[in-house]
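Let's take a friendly walk through one part of this fold. Have the sequence and the 3D view ready as you read.

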Amino acid sequence: METNLNGVYKKSTKGWDELKMRAAGLDAAARSMLILLNGMDSLATVERKLGRDILPPLEVLRGLGLVERLETSKTARAAAASPQPVQSEPPASPGKEAVPPAPPDANDKVVRWNALRRQVMVRLAPSFGPDLMTVLAPLMKADSDASFLAAINALETKIAIYQGKKAAAKLLEGLRP
């Protein structure tokens, strides 16, 4: 099957289970690729991140049903890329006070935490390989800024044992909420 490197893949439910349970016995290349397939990056981007050919591991992941291709039709891309019309609010009249902006949505934090988690995975995958998800378990469970920060600090301490304090700090630089 010919693969388009502009295609986008995401983990299936079975793929998420594989990250936790390691039942399929994936090799390092397939496991790294499974970790990086996030439903947003194209295969070309994943290939650049991995620095090697992704077609053999992709075929393994597809064959085991661990990944799913997302719809990438021109109409779907065009709909996603087209700007939505913005409705401007009428100016407040002199007798009325303007409504204050809504507080930040909790979903914004979750999106930010997920983005930071992905960056941590990419940076630490070469160091921890198949044990990555075990090492990241506290970070994956973090549900507040405080617990996320505590998990990052614990990771930094663990990395410092192997690579030194400066290297650990540099590796996790910019990943704190």
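## A helix and its surroundings

Why is helix 2 (residues 28–36) largely enclosed by the rest of the structure? In this predicted model, eight of its nine residues are buried, so the rest of the structure surrounds most of helix 2. The buried positions are A29, A30, R31, S32, M33, L34, I35 and L36.

## Where helix 1 meets helix 2

Take helix 1 (residues 13–21) as the first partner to look at: its axis and that of helix 2 come within 11 Å, crossing at roughly 120 degrees. That angle makes helix 1 oblique to helix 2. The crossing of this pair is left-handed.

On the helix 1 side you will find G15, E18 and L19, which meet R31, L34 and I35 of helix 2. Sorted by class, this contact of helix 1 with helix 2 has three nonpolar, one polar and two charged residues.

## Where helix 4 meets helix 2

Now turn to helix 4 (residues 55–63). The axes of helix 2 and helix 4 come within 9 Å, and they cross at roughly 75 degrees. With angles of 65 to 115 degrees counted as roughly perpendicular, helix 2 and helix 4 are therefore roughly perpendicular to each other.

Helix 2 brings A29, A30, M33 and L34 to this contact, while helix 4 brings P57, L58, V60 and L61. By class, the contact of helix 2 with helix 4 has eight nonpolar residues, with no polar and no charged ones.

Technical notes
Residues are numbered from 1 along each chain as its sequence is written. This is a predicted model: local features need pLDDT of at least 70, side-chain atom pairs count only at pLDDT 80 or more; totals for chains, interfaces and linings use all residues. Side-chain values use heavy atoms; hydrogens and water are left out. Buried means under 20% relative accessible area, exposed over 50%, partly exposed in between (1.4 Å probe, protein chains only). Helices (H or I, at least four residues) and strands (E, at least two) are DSSP runs, numbered from the N terminus. Axes are lines fitted to C-alpha atoms, for helices over the stretch in contact, and angles run from 0 to 180 degrees between N-to-C directions. Angles under 35 degrees count as roughly parallel, over 145 as roughly antiparallel, 65 to 115 as roughly perpendicular and the rest as oblique. A crossing is left-handed if the near helix is turned anticlockwise from the far one by less than a right angle, and right-handed if clockwise. Contact means heavy atoms within 4.5 Å. Ala, Val, Leu, Ile, Met, Phe, Trp, Tyr, Cys and Pro count as nonpolar, Asp, Glu, Lys and Arg as charged, and the others, Gly among them, as polar.
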